[in-house]
Amino acid sequence: MSFVDFKNVYKRYKMGEVTITAVDGISFEIEKGEFAVIVGNSGAGKTTVLNILGGMDSCDEGTIVVGGNDISRLDEHDLATYRRYDIGFVFQFYNLVPNLTAKENVELASQICKDHKDASEALESVGLGERLHNFPSQLSGGEQQRVSIARALAKKPKLLLCDEPTGALDYNTGKQILKLLQDTCRSEGMTVVLITHNQAITPMADRIIRMKSGKVISNIVNESPTDVDLIEW
Amino acid sequence: MTSSLWKNVLKDISKTKARFISIMLIVALGVGFFTGIKAVSPSMNHTAENYYRNNDLMDIRLLSTVGFSDKDVEEVKKLPHVRDAAASYYTDVIMEGDAGQIIRLYSDIRENENQTAINKPLIKEGRLPEKKGEIALENANFNSGNSKIGDTFRIEPKVGETDVEDILESTEYTVVGFVQSPLYVSFERGTTNVGSGDIHMFGIISEDDFKSDRYSQIYVLTDYSGDSKDTINKEFDSAVEALEPQFKNLGLERAKYFDVEYLNDAKKDLEEAQKELDSEKDKAGRELSEAFEKINDGQKEYDEKIAGAKETLDNAEKDIKNGEEEIKKGWEDYNSGIAEGEKQLETARELLKEGQAQLKSSRSEFNTKIREAEKQLNEAEREYNSGLAEYNRAVTDFKTQTLTARLALSALKTNYDNALNKYENITKPACEAIIGETQRTLDEINAELDSLKEQYENSESETEKLYIQAQIDIYETRKSANQSIIDRENKRLEDGKNEVDEAKKALDEATEEYNKQTAEPQRQLDEAKEQLDSAKAQIDSGRAELQEQKAAGEDQLAAAQQQLNESQAAITAAQTELSSRKTEGRQKLKDSEAELEKAKEELKKGKEEFEKQKAEGQQKLDDAREEYESKKLEAEGKLEDAQAKIDKAAETLEDLENPEWYFFTRLDNPGYQSLIDDTTRIDAVATVFPLFFLLVAALVCLTTMTRHVEEKRTEIGTLKALGYSNGAIKTQYIFYSAGAALLGCVLGIAIGMLTLPKVIYNAYGIMYELIDLEVIVPVKITILGVIAAFVSTTLVALYTCQKSLREKPASLMRPKAPKIGRRILLEKIPFIWDRMNFTSKVTARNIMRYKVRFFMTVIGVAGCTALILTGFGLKNSISAITDVQFGEIYTYDLTVILNEEGTLHQKTAVLDYVKNSGFVESAMLERQASISASNEKGTNKLDDIYLYVPQGSEDMKDLIHFRERKTKIPIELTDDGAILTEKAANSLGVDVGDTVIFEDDHKKYTVTVSNITENYIGNYLIVSPECYRELYGKAPLFNMIMAKMTEVTDENESKLGAKCLDNDDIAAVSFISGSIDNFLDTIKSLDTVILVLIICAGLLAVVVLYNLTNINIAERVREIATIKVLGFYNGETCAFVYRENIILTLCGIISGLGLGIILHRFVIITIEINKTMFSRTIEPESFILAAVLTAVFAALVNFIMYFKIKKIDMVESLKSIE
């Protein structure tokens, strides 16, 4: 069985009298240790997939199995537990707590996990060993995103989910972040799922899942992923 | 504004309806409470004004020492500024019943063609009296519920000394109606000079029921009142006051007419009556003295006869007495003789006993001594014997020891003897013989030799010579051989001699040694022997001596025994003699006694006869005298009655001389001033309290509104970008905020006005009897409240909006950067910071991050806590009064009101009567009198105060307690000053050591305040009887008894009450349990106010906390979503958010408790009514309750918010930047 297994997953939103089907019966698998990219245009349903995969949202139909556990039928509390121990999130807008220093932001996540990395080490591993005690407002966007990644990694998650991590960053910084994510995936054997609308990023992935209008239109395994440095957009 | 904007606004409202409603509610609460409370005072004033105006409350009341005539009224009407005037009657009488309550009966002034009604009563039921014998009773104080129209109302026939029938036509009236009078707005009815002094109620009867031909009072209406003029103000008071001189002057003028019209005739009548009485008196006096003379003569004769008989009897009695005395003396002598003899015998016996004892002791002593001596001797002998034995043993030992030596010695001696013997007898003779022989040979040789030698010399021939020589040689050889024999023998001799010497020496040496060795033991033995010998000698002599002593001692003892035996014999003889003398003497005395008894019997008979005759005579005399006395008393009584009547009339006339008019204004009406004061006080409370409330509300509105507009930042940017004008955009928010404010104001004012004045007015209704409240809206205050509401919502919205609008649309579209984190001061103290755990650090930093919210929350919560605490504190303060006043200060159970007259002696008798009633534990006399007091300068005045003079007996400490409020230290009532109750001291503005001037019965007295005592109900100036005497120049007339019962039960109370009223000197009894009930009624009114307070404060707390928490969550929604995504459970997320809330709430509660103390103190001081002081103490429970309630409200809000936090959608919140 694959590490991530989506089977006939549906997600519908009711807007007054209209029902929008955001995820329309999709199925895909991702293997352990893969760097997977879900790519699609705005409104293709990729964020919904990520939210469902991350336990932030639940599906209406279908089954989702992550690491052998069916998460599609979990209640709110179990979903929180799932997020807590299994999932690391990296957001487009970093979502750091502005009132906490870099280290404290990481600690915020690590303190609730039994098995976690040391906050300082996590930050060092993303190259921020010098900025432990800076507040988010004192950090650049790239640095903030690194903190965000460190925060996600500190929990030692089974799955690292990234939602347009480069969306708010400039080209070079974006590349650095992608490099960091790819390196993490390679060096730690972390399964990374990244969603983006940017087709240019796809060559760096081990697996490319394309979405359109709530459906998966292709799920390709890239046997020879390109190094981030060689990608341009 | 376009329709889409309108739509947007309405949608906005419906989307944020919780916020909209909460703003509206805060506004409603703040404005409603503010205006509602503020409306109380003006509404009450307005109502009172209307009441006074519509019922034509008099402006001035005139009293006179002699009453008024119609002519007086005419003259008063003519004075300037007088609108109208009318005269009426009144009198104070005692209602029938046990309580001795006083009712003021008066005739009212009705409207007719040339007269307006004054003090028009409000008819509650029935009608006013139309003819004689009808009465309209007051509505309020006549609370015996079963009385109704048609019943008969009775009054006591006497008021003090006066008969009611002298004043009124009847003592029975038919109740025709129930009324209420503008003269009495409170439940006070004023005071009077009869009975207990307090008027209990009033009643209106017809003018025709009054017997007096002069009116009691004149009511005057002035130009200053009436129509639409306001009278509850200082201007009116001073304008009316200014009229006093003209009335006083008129009074003086009218006094002259009074003398002419009235007084002179009365005086003449009185003089005549006196003259008649005097002549009657003379006549009666003469008759009485004649009768008296006769009785005196009879008495004289009787006295003489009695005296003669008495003398005879006395002589006989004297003889008997002498005889008795002699016998008595005989007995005495006899007894003393016997006693003496017995005493002597006793002494002799004692001596004998003593001698015997002595002898016995001497004998035993002697025996002991002898025994002791013998023992000693025996001991010595035993010692001697043992010594002797020891000595013998020693001698034997010594001998044994020296035996060997002596044996050796004797061997040596034998040896020596042998040697000597051998030498002398054998060796010596033998040797000497040999020597002798040899010597002779030798001598022959020598002679041969000599001759040979000569031959030789002489011989010339050699041969011869040779021959001779040879011969010489032979001789020489023979010579030497002989010589050696001699030598040998000599040697032998010598040796023998030596041998002897040697033996001798050995013997000598041995002997010496022996002697040396034996000399010391021998000497010791000799010594011991000597000692033993001397001891033996001593023992022997001792024994001889002892024998001697023993013999002598025994002789002495025998002699002593002999002596004692002789004494014994003598005593026995004496005893026998004494016994015989005793018998003899007694017989003689007994004979004399029998004789005397006979004489006595005779005397007794004589005396009886005498008494009988004497009594008969006395009886006759007494009868005569009694008849005289009764006749005299009768005559005197008649005369005295007549005199008293004349005197009283004269006194009354005297009072009537120099008549004076007294001037009173509305301010003198009971309750009039205190109503004004109370409304002023409510206004005072209504200033701080709701203002505070409004302030908190406004602050919360402000925060909420600011937040609301800031949240709409993007929208403002979008609209602006779309080209909407600033005005149009602003209008949206103005509409939103103004809508909330307007709705809140309308709601608040409506509810506030409809409820609060009514509730509080009704609360005061327990103390005041007014008409239904007419609520008037205090325009200025309402406007102020509305302005505050709009400023804190609309203006704030406008300002915030304006601030946003100043930015470029583009920047507006971008989210406002969240407040950046920064280090807080606490982080610079690593000592503390390093010790805090992660969440505490986050909380600390968050609290500091949103300072505005921090202060808003703390202020909001503090405000609510303070309001709640004030509410509970007020309840404590008020209810503490009952406990402290009736539990600790007053510990008496009842007061007994005495009739005014009577001496101290009589009063004490009543006191004893009460004490011995069987229900009373302790009781004390006291005086209470209504006075008025002021401070030294006269700036502060107090009319509602009593002079209290406790007699100060032992019982006092059971009944009433004076003490300092804060320290609870008891205060002693001394003679050098007065104790003032605390509230009175505050009202008068005096302290310990200051002077108080008080007025009693129109006289002024000055006294120093020596102490201030804790007291909550009533004002008292307390002085000791001694102090009173110094002030008044006379002893206090006690008019009350306070008493403590052994057991307070309803049954005991009614029994004791009945028993007391059986006593003619007791006017009334009042039990304190009744007072407690009355007081509880009075303070119940304030409970309502407090409930309103607590409810409002609670509502405010909920709304404030809800709003602030709401804002908190709204501001941090992204943060909350983030931590939810990180896997925080709902509980953990809430804890993360609430930790701050809890800390802020705690800060708020703590500062609120402090603030509450201040607010409570302020409110307490402002709401105190004249007579009552509230306790300043807030009970610990109230603090706990206020804190807990606030905490509960906070918890409630947090509970509601839990769902809100739970509902936060992570996906939505994180989708993009807002």
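**A sheet in chain B and a meeting with chain A**

Let's start in chain B, where four strands make up an open sheet, lined up in the order 2-12-1-13 with antiparallel pairing. Look at the two ends of that order: strand 2 (82-88) and strand 13 (661-665) of chain B are the edge strands, and each has a single partner strand, so one side of each has no neighbour in the sheet. The sheet isn't perfectly flat-on either: on average, neighbouring strands are turned by 20 degrees against each other, direction ignored. Keep in mind as you look around that this is a predicted model.

Now zoom in on one pair. Strand 1 (residues 60-68) and strand 12 (residues 215-222) of chain B run antiparallel and are joined by five bridges. Want a residue to find on screen? Try Leu63(B), whose bridge partner in strand 12 of chain B is Gln217(B).

There's a helix to spot here too. Helix 3 (residues 70-78) of chain B packs on the sheet, where it touches strand 1, strand 2 and strand 12 of chain B. The direction of this helix makes about 165 degrees with that of strand 2 of chain B.

Next, head over to where the two chains meet. How many residues does the contact take from each chain? Chain A gives 23 residues and chain B gives 23 residues. On the chain A side, the elements that supply two or more residues are helix 2 (76-86) and helix 3 (102-110) of chain A. Helix 2 of chain A provides the largest share of that side, five residues. And what kinds of residues does chain A bring to chain B? By class, its touching side has 12 nonpolar, seven polar and four charged residues.

Terms used: Residues numbered from 1 in each chain as written. Chains lettered and ligands numbered in written order. Predicted model: local features only at pLDDT ≥ 70, side-chain atom pairs only at ≥ 80, totals over all residues. Pairing = 2+ DSSP bridges. Axes fitted to C-alpha atoms, helices over the stretch in contact; angles between N-to-C directions. Contact = placed C-beta atoms within 7 Å. Nonpolar A, V, L, I, M, F, W, Y, C, P; charged D, E, K, R; others polar.
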